[in-house]
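Trainee: Could we go through the charged pairs in this one together? I'd like to hear the reasoning behind each call.

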Amino acid sequence: MPIIPGEVCIGSATFFSYVSVGQLNTSTIPRGISMVKMNVSGFGDALSQSHAGDSAAGLYTTNATAPLEEGDGLRQIYAWGFYSHCAYVAPEQGICSNKSQPNLFQPFDTMVADAPAKFHTVTQFIVPNSGFTDSSFLGSLSRGAYWLCFIGSILAALAMIFGVKRGNFTFFLSATFAILGSLMLLISAAIWTSVVVRAQAVNGQGVNTTATATSPIPLGIHVSFGPGVWLLWAAFASLFFSTIPYVVSCFTYRG
């Protein structure tokens, strides 16, 4: 049986998984493939109109290269990948962190760390407790999802390597690695999906205005899926479907 379909599927899976996990630098392509995005451009208005009544002057920074998480001011848009998160004051105007270890998805902590010190208390006061503020839980899940994707990517690569040399045993190894890899990618994609959905609890939140306690206004924080999550699901699907021709080939190939 020809194995081209399996090679195509497994090659696609390897590509998708490595694109998802390979966000190692601040170049245009990797930083554009985020797992999750957050828009906080309306948070300043919510803060000003809340019962806290504080002015939002100085809450945001206009310096696109200001260091992250050092109290220099909020950015308008945030995006998280496996290894880093980026923050933008305008489209294509921002800076990314760069880590040699998994970057935890903790959006509320990131907001507080970027906000100037005088806004820390009011930010913690007006943002309601929800899945969005549960940094410990979100961080743990995102760390686990990273390692599962990393292992799944390695297994996908091994499946592709062993699938190149035609033989019953190599097909068996390739099928085994593909099955294990697809399981890892499936769990990682499912975890990341649940992480984003949990954080999206903040999207419908509002705060009471200074005028009346019965007229809540939008909190001004919006969390959305990044393309990296869909690439991770695509990697799982490609790797899973690659197992079919390899399993058949390991029993029917006659050289």
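Trainee: Is Asp134 buried, exposed or partly exposed?
Mentor: Keep in mind that this is a predicted model. Asp134 comes out at 28% relative accessibility. Buried would need under 20% and exposed over 50%, so Asp134 counts as partly exposed.

Trainee: Which residue does the side chain of Asp134 meet in a salt bridge?
Mentor: Look for a side-chain nitrogen of Lys or Arg within 4 Å of a carboxyl oxygen. For Asp134 there's such a contact at 3.3 Å, N to O, and the partner is Arg198. With 33% relative accessibility, that partner counts as partly exposed too. So the name you want is Arg198.

Trainee: How many residues apart in sequence are the parts that Asp134 and Arg198 tie together?
Mentor: Asp134 sits in the loop between helix 5 (120-126) and helix 6 (135-164). Arg198 belongs to helix 7 (residues 168-199), so the pair links parts whose separation in sequence is 64 residues.

Trainee: The structure holds two salt bridges, so which cut-off makes the Arg75 and Asp114 pair count as one?
Mentor: The side chains of Arg75 and Asp114 meet at 3.8 Å, N to O. Both residues are buried. The pair counts because the nitrogen has to be within 4 Å.

Trainee: And where in the structure are Arg75 and Asp114?
Mentor: Arg75 is in the loop between helix 3 (43-49) and strand 2 (77-80). The pair ties together parts 39 residues apart in sequence, since Asp114 lies in helix 4 (residues 107-114).

Key
Residues are numbered from 1 along each chain as its sequence is written. This is a predicted model: local features need pLDDT of at least 70, side-chain atom pairs count only at pLDDT 80 or more; totals for chains, interfaces and linings use all residues. Side-chain values use heavy atoms; hydrogens and water are left out. Helices (H or I, at least four residues) and strands (E, at least two) are DSSP runs, numbered from the N terminus. Buried means under 20% relative accessible area, exposed over 50%, partly exposed in between (1.4 Å probe, protein chains only).
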